[in-house]
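Subject: Handing over the structure

Dear colleague,

I am passing on the structure we spoke about, and below it you will find my notes on what was found. Please read them with the structure open beside you.

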There are 2 protein chains.
Amino acid sequence: MKKQGYTCGLDAAVDVVGGKWKALILWALHYAPLRFGELKRSVPGISEKMLIQQLREMETYGLVHREVHHQVPPKVEYSLTEFGHSLNTALIPLGDWGEKHMRTIEAIPRG
Amino acid sequence: MKKQGYTCGLDAAVDVVGGKWKALILWALHYAPLRFGELKRSVPGISEKMLIQQLREMETYGLVHREVHHQVPPKVEYSLTEFGHSLNTALIPLGDWGEKHMRTIEAIPRG
DNA sequence: CGGCATCCGAGAGGATACTG
DNA sequence: CAGTATCCTCTCGGATGCCG
């Protein structure tokens, strides 16, 4: 979250789901609640620092719910709120687009 | 563009449309081709440097077409390719989501 | 297991001035 | 008008180590 006074809906959405990881985390939680470790395995390449950082942000956004189970060993589950689910749904076409054009995208020269 | 070997479609899509500006630029070109100056005015807050930088990238991605009209004064028009249009279409639900929840998003405490 | 603290480099992105 | 060039700041994100 960076600014206020969005000029359009996409502007606001990008602000919420922006960055390298939030969309992927949201995606991973689509099917079921996951524990921290499970989530880490579900989002390949993410560091613990980024995962917890993004989760905290998404918690304050109201996208994600954090449930602590007081056990030994500790157990913390993350799940999507209704708000999170609605955003996830809005991301489906984008995911489909990416899947469809993945070959093309991978073939783009990088620099 | 950062990596190869995407784990899912959303991963690839985020890689293409990621960053602060690309989605907004794409959005601005949705209706009609725009000149550099028009585009700058259509994406409030963007600097000339970022605009040209993002446009160049999107050109190499094949999302945007750059047409130079040799005139005095110079005239350069940017338009979406079919590929760009398809991505734009995939972004519509996200834009709708953002519009719908804009009040909520603006009300989120920022850090 | 589920974190937090700290350090660090790279690059994203901004401001300003200049050019064909 | 449509860019370039330069400089600068600030955040993103990785690596590592420690804690209840």
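Which helix supplies the largest share of the surface near DNA strand C? Before the answer, please keep in mind that this is a predicted model. The helix is α4(A), which contributes four residues to that surface.

**DNA strand C**

There are 18 residues around DNA strand C, and those that come nearest are Arg35(A), Arg56(A), Arg66(A), Tyr78(A) and Lys49(B). Of the atoms of this strand that come within 4 Å of the protein, 61% belong to sugar and phosphate. Both chains take part in the surface near DNA strand C, since at least two residues are supplied by each of α3 (36-42), α4 and β3 (75-80) of chain A, and likewise by α4 of chain B. Sorted by class, that surface has nine nonpolar residues, one polar residue and eight charged residues.

Several contacts reach the phosphates of this strand. A polar side-chain atom of Tyr78(A) lies 2.7 Å from a phosphate oxygen of DNA strand C, while from the other chain a polar side-chain atom of Lys20(B) lies 3.1 Å from a phosphate oxygen of the strand. Gly37(A) makes its approach through the backbone, with an N or O atom 3.1 Å from a phosphate oxygen of DNA strand C.

**DNA strand D**

Around DNA strand D there are 20 residues, of which Lys20(A), Lys49(A), Arg56(B), Arg66(B) and Tyr78(B) come nearest. Sugar or phosphate accounts for 58% of the atoms of DNA strand D within 4 Å of the protein, and bases make up the rest. In the surface near this strand, α4 (48-61) of chain A and, from chain B, α3 (36-42), α4 (48-61) and β3 (75-80) each supply at least two residues, and the largest share, four residues, comes from α4(B). By class, the surface near DNA strand D is made up of nine nonpolar, three polar and eight charged residues.

Chain B provides the following phosphate contacts to this strand. Polar side-chain atoms of Arg66(B) and Tyr78(B) lie 2.5 Å and 2.7 Å, respectively, from a phosphate oxygen of DNA strand D, and a polar backbone atom of Gly37(B) is 2.9 Å from a phosphate oxygen of DNA strand D.

**How the two chains are related**

Chain A is superposed on chain B, with an RMSD of 0.1 Å, by a rotation of 180° with 0.0 Å of shift along its axis. That is the relation of a two-fold axis. Because 100% of the interface residues of chain A are also interface residues in chain B, the copies meet through the same surface.

**Inside the chains**

Where does Asn88(A) sit, and is Asn88(A) buried or exposed? Asn88(A) belongs to helix α5 (residues 82-100) of chain A, and it counts as buried because its relative accessibility is 0%. Leaving aside residues up to four places away in sequence, Asn88(A) touches Leu26(A), Trp27(A), His30(A) and Leu80(A). With Leu26(A) there is also a polar contact, in which a polar atom of the side chain of Asn88(A) lies 2.8 Å from the backbone oxygen of Leu26(A).

Lastly, the cysteines: the count of disulfides over all chains comes to zero. Cys8(A) is buried, with a relative accessible area of 17%, and Cys8(B) is buried with a relative accessible area of 17%.

With best regards

Technical notes:
Residues are numbered from 1 along each chain as its sequence is written. Chains are lettered from A and ligands numbered from 1 in the order in which they are written. This is a predicted model: local features need pLDDT of at least 70, side-chain atom pairs count only at pLDDT 80 or more; totals for chains, interfaces and linings use all residues. Side-chain values use heavy atoms; hydrogens and water are left out. A residue is near a molecule or strand if one of its heavy atoms lies within 4 Å of it. A polar contact is a pair of N or O atoms within 3.5 Å; within protein, one must be able to donate a hydrogen and the other to accept it, and residues adjacent in sequence count only if both atoms are side-chain atoms. Ala, Val, Leu, Ile, Met, Phe, Trp, Tyr, Cys and Pro count as nonpolar, Asp, Glu, Lys and Arg as charged, and the others, Gly among them, as polar. Copies are superposed by least squares on the C-alpha atoms of residues with pLDDT of at least 70 in both. Contact means heavy atoms within 4.5 Å. Buried means under 20% relative accessible area, exposed over 50%, partly exposed in between (1.4 Å probe, protein chains only). A disulfide is a pair of cysteine sulfur atoms within 2.5 Å.
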